[in-house]
Structure formats: C-alpha cells, structure tokens
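Work through the exercises below with the sequence and the coordinates at hand. Each task is followed by a solution in steps.

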Amino acid sequence: SSSSSSSSSSPPFRKILIANRGEIAIRILRTAKAHGIQTVAIYSTADANSPHVALADEAVCIGPPASDASYLDIEKVCEAVEMTGSEGVHPGYGFLSENPGFSERVAGAMANDEASYRGSDGDESGGGREKRRKR
C-alpha cells in the first residue's frame with residue numbers, strides 16, 4: 001500500500017487569507033488547498049462573482065470597486081484577517097505586497113499566538129521575507 005508524504009506532515013497554517021484577486025489569487029488558493037490549508041478570499045463589491053471568491057473556503061467583502069477603498073485598505077484587510085481567524089496572509093503580487101507597512105500591521109491582526117506574513121518586505125531589492133510576532 002502506498003502512502004502520501006503530505007499526509008505525514010501538517011501544513012504550516014490551518015487557514016490563510018489571500019490579499020489579492022484574479023489569477024494570482026487563484027494560483028495561491030489552489031496551492032493552499034492542495035496542501036490542506038483552508039482559504040479566505042477578500043473581494044470588492046465588483047468582484048463578488050469572481051472565480052477566486054468561488055474557489056475560496058470563505059470570502060469577505062472589503063469594500064467598493066475602487067482598489068484604494070478595498071484591496072489597498074490595510075485596515076479593511078486586517079479586519080478580514082481578525083474576523084476569519086486567519087493564521088497567515090499571502091499578499092500575492094502588487095497591491096499590498098509592495099507596501100512596507102503592510103506586513104507589520106498584519107502581524108498585529110493575526111488570530112494565533114505566532115503570527116506569520118509571507119511575502120515581499122516592500123523594499124526595492126524584491127527579496128521576500130517572513131515576519132513572525134509572538135503574542
């Protein structure tokens with residue numbers, strides 16, 4: 001009998017919020033689900049029927065169609081993190097992934113004792129980093 005190597009280890013998070021939309025969000029959602037991680041999508045009112053919303057385990061509307069009033073609103077994204085109990089946030093590409101203050105603010109919104117943000121630190125080097133905050 002064969003066994004899957006993924007069944008012998010647990011995923012690093014039980015639930016993550018994807019702070020993006022469109023194809024990049026779909027790719028992240030599919031990868032997370034393949035690893036047994038529950039997913040949360042955020043969306044603007046214009047994106048309510050978008051594929052990334054349908055694919056996610058949970059979805060939270062964070063505002064009107066204008067990006068600066070929804071996807072780029074750090075407080076609204078963090079409220080969605082808190083409301084859903086997400087343990088991690090994946091910013092995707094663009095939007096908040098390039099905002100240096102986003103990862104710090106997200107770390108404060110996490111629902112678990114050891115919060116994690118994975119993504120770019122927003123500097124010009126493009127280097128990714130992981131931030132953790134112990135509560």
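The exercises go from the whole chain to one helix, the cores and two single residues.

The model is predicted: local features need pLDDT of at least 70, side-chain atom pairs count only at pLDDT 80 or more, and totals for chains, interfaces and linings use all residues. Residues are numbered from 1 along each chain as its sequence is written, and side-chain values use heavy atoms, with hydrogens and water left out.

**Exercise 1. Describe the protein chain as a whole.**

Step 1. Assign helices (H or I, at least four residues) and strands (E, at least two) as DSSP runs, numbered from the N terminus. The protein chain has four helices and six strands, in the order β-α-β-α-β-α-β-α-β-β from the N terminus on.

Step 2. Compute the accessible surface by the Shrake-Rupley method with a 1.4 Å probe; for residues, only the protein chains shown count as cover. The result for the protein chain is about 7,100 Å², and 48% of that belongs to carbon and sulfur atoms.

Step 3. Classify residues as buried (under 20% relative accessible area), exposed (over 50%) or partly exposed (in between), with a 1.4 Å probe and protein chains only. In the protein chain, 41% of the 135 residues count as buried.

Step 4. Take contacts as heavy atoms within 4.5 Å. Of the contacts between residues at least 6 apart in sequence, 48% join residues at least 24 apart.

**Exercise 2. Find the buried side of helix α1 and what covers it.**

Step 1. Helix α1 covers residues 22–34. Its 13 residues reach 18 Å from first C-alpha to last, close to the 18 Å expected at 1.5 Å a residue, where the expected span is 1.5 Å times one less than the number of residues.

Step 2. The buried residues of α1 are Ala 25, Ile 26, Ile 28, Leu 29 and Ala 32. They lie on the same side of α1 because they cover an arc of only 165 degrees around the axis, the arc being that of the directions from the helix axis to the C-beta atoms.

Step 3. The face turned away from this buried side carries the exposed residues Arg 27, Arg 30 and Ala 34.

Step 4. The cover of the buried residues of α1 includes β1 (15–18), β2 (38–44), α2 (51–55) and β4 (88–90).

**Exercise 3. Which residues touch the most other members of the largest nonpolar core?**

Step 1. Define a nonpolar core as a set of buried Ala, Val, Leu, Ile, Met, Phe, Trp, Tyr and Cys residues joined through side-chain atoms within 4.5 Å.

Step 2. The largest core has 18 residues, and those touching the most other members are Leu 17, Ala 19, Ile 42, Ile 62, Val 77, Val 89 and Phe 102.

Step 3. The elements giving two or more residues to this core are β2, β3, α3 and α4 (102–109). Helix α3 has the largest share, five residues.

Step 4. A second, separate core of ten residues includes Ile 16, Leu 29, Ile 37 and Ala 41.

**Exercise 4. Characterise Tyr 71 and Thr 84.**

Step 1. Tyr 71 lies in the loop between β3 (58–63) and α3 (74–84). Tyr 71 is buried, with a relative accessible area of 0%.

Step 2. Use polar contacts: pairs of N or O atoms within 3.5 Å; within protein, one must be able to donate a hydrogen and the other to accept it, and residues adjacent in sequence count only if both atoms are side-chain atoms. The side chains of Tyr 71 and Asp 47 form one of 2.5 Å.

Step 3. Thr 84, in helix α3, counts as buried at 9% relative accessibility. Its side chain reaches the backbone oxygen of Ala 80 at 2.8 Å, and a polar contact of 2.8 Å joins the side chains of Thr 84 and Ser 86.
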